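This briefing introduces selected features of one structure to a reader who has not met it before. Please keep the sequence and the model in view while reading.

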Amino acid sequence: KENIKKDFIYWFRWIAVLPGSLVFSLLALFPLHWILYFTLVDGGAILGVNIQPIEYILSPFMIAIIFILAGFKIAPKYKFQASIALTVLWTSLFIGFFFMSVSILQPQFQVRSAGSLLGAFLGLYIAWRQFKYRSSALI
């Protein structure tokens, strides 16, 4: 009975990698908004800084990082390989949407778009560092 429970948890975690990554990456937008808002607020008035453009640029960056790292944390085994797969998925979707937008609109490779790719590869780098640290700790 204990073995069935372990197997269930193991497979449930694998099934939860993609949806969990999506949910956590979207939930990360709330703390980003709060951090930007509360650091730029002085006595109830914003210090002449509009946080919307900052949030507009940082959101895809944060979503990409959290998407990769959440998948890394949720995966029960082969964590780094799971983060590679999520990075490939993220990059493939990015390239697909970019080329789809070329046929519909003018191609615009903005800072926001570059932030999304940069965030995905930074998330993969952080996952690699954690994987390398954990595997060296086991030796």
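In this predicted model, a search of the whole structure finds six aromatic pairs. Among them is the pair of Phe30 and Trp34, which is tilted, because the ring planes stand at 35° and the ring centres are 6.1 Å apart. The points below describe this pair and another one, and then turn to a surface patch and to individual residues.

**Aromatic pairs**

- Phe30 and Trp34 both belong to helix α3, where they are four residues apart and so are separated by about one helical turn.
- Both members of this tilted pair are partly exposed: Phe30 has a relative accessible area of 48%, and Trp34 has a relative accessibility of 47%.
- A second aromatic pair, Phe80 with Phe131, is stacked, with 5.4 Å from centre to centre and 15° between the planes.
- The stacked pair ties together parts that are 51 residues apart in sequence, because Phe80 lies in helix α5 (residues 79-104) and Phe131 lies in helix α6.
- Phe80 counts as buried because its relative accessibility of 15% is under the 20% limit.
- Phe131, by contrast, is partly exposed, with a relative accessible area of 34%.

**The nonpolar surface patch**

- A nonpolar patch on the surface is formed by Val23, Phe24, Leu27, Phe30, Trp34, Tyr37 and Phe38, which together have about 750 Å² of accessible area.
- Helices α2 (17-27) and α3 (29-39) each supply at least two residues of this patch.
- Helix α3 provides the largest share of the patch, namely four residues.
- Phe30 and Trp34, the partners of the tilted pair, are both members of the patch.

**Ser116 in helix α6**

- Helix α6 spans residues 111-138 and includes Ser116.
- Is Ser116 buried or exposed? Ser116 is buried, because its relative accessible area is 8% and the limit for a buried residue is under 20%.
- A polar contact of 2.9 Å joins the side chain of Ser116 to the side chain of Trp90.
- Leaving aside residues up to four places away in sequence, Ser116 touches Pro60, Phe61, Ala64, Trp90 and Phe94.
- Trp90 therefore appears in two descriptions of Ser116, as a polar partner of its side chain and as one of the residues that it touches, while Ser116 itself is buried.

**Ser59 in helix α4**

- Ser59 is located in helix α4, which covers residues 51-74.
- With a relative accessibility of 10%, Ser59 counts as buried.
- When residues up to four places away in sequence are not counted, Ser59 touches Leu29 and Leu32.

**Ala85 in helix α5**

- Ala85 is part of helix α5, the helix in which Phe80 also lies.
- Ala85 counts as partly exposed because its relative accessibility of 46% falls between the limits of 20% and 50%.
- From C-alpha to C-alpha, Ala85 and Ile68 are 9.0 Å apart in space, and 17 residues separate their positions in sequence.

Terms used:
Residues are numbered from 1 along each chain as its sequence is written. This is a predicted model: local features need pLDDT of at least 70, side-chain atom pairs count only at pLDDT 80 or more; totals for chains, interfaces and linings use all residues. Side-chain values use heavy atoms; hydrogens and water are left out. Buried means under 20% relative accessible area, exposed over 50%, partly exposed in between (1.4 Å probe, protein chains only). A polar contact is a pair of N or O atoms within 3.5 Å; within protein, one must be able to donate a hydrogen and the other to accept it, and residues adjacent in sequence count only if both atoms are side-chain atoms. Contact means heavy atoms within 4.5 Å. Patches are made of residues with over 30% relative accessible area and no salt bridge: like charges are joined within 9 Å, nonpolar side chains (Val, Leu, Ile, Met, Phe, Trp, Tyr) within 5 Å. Accessible areas come from the Shrake-Rupley method with a 1.4 Å probe; for residues, only the protein chains shown count as cover. A salt bridge is a side-chain nitrogen of Lys or Arg within 4 Å of a carboxyl oxygen of Asp or Glu. Rings of Phe, Tyr and Trp (its six-membered ring) pair if their centres lie within 6.5 Å; planes under 30 degrees apart count as stacked, over 60 as edge-to-face and the rest as tilted.
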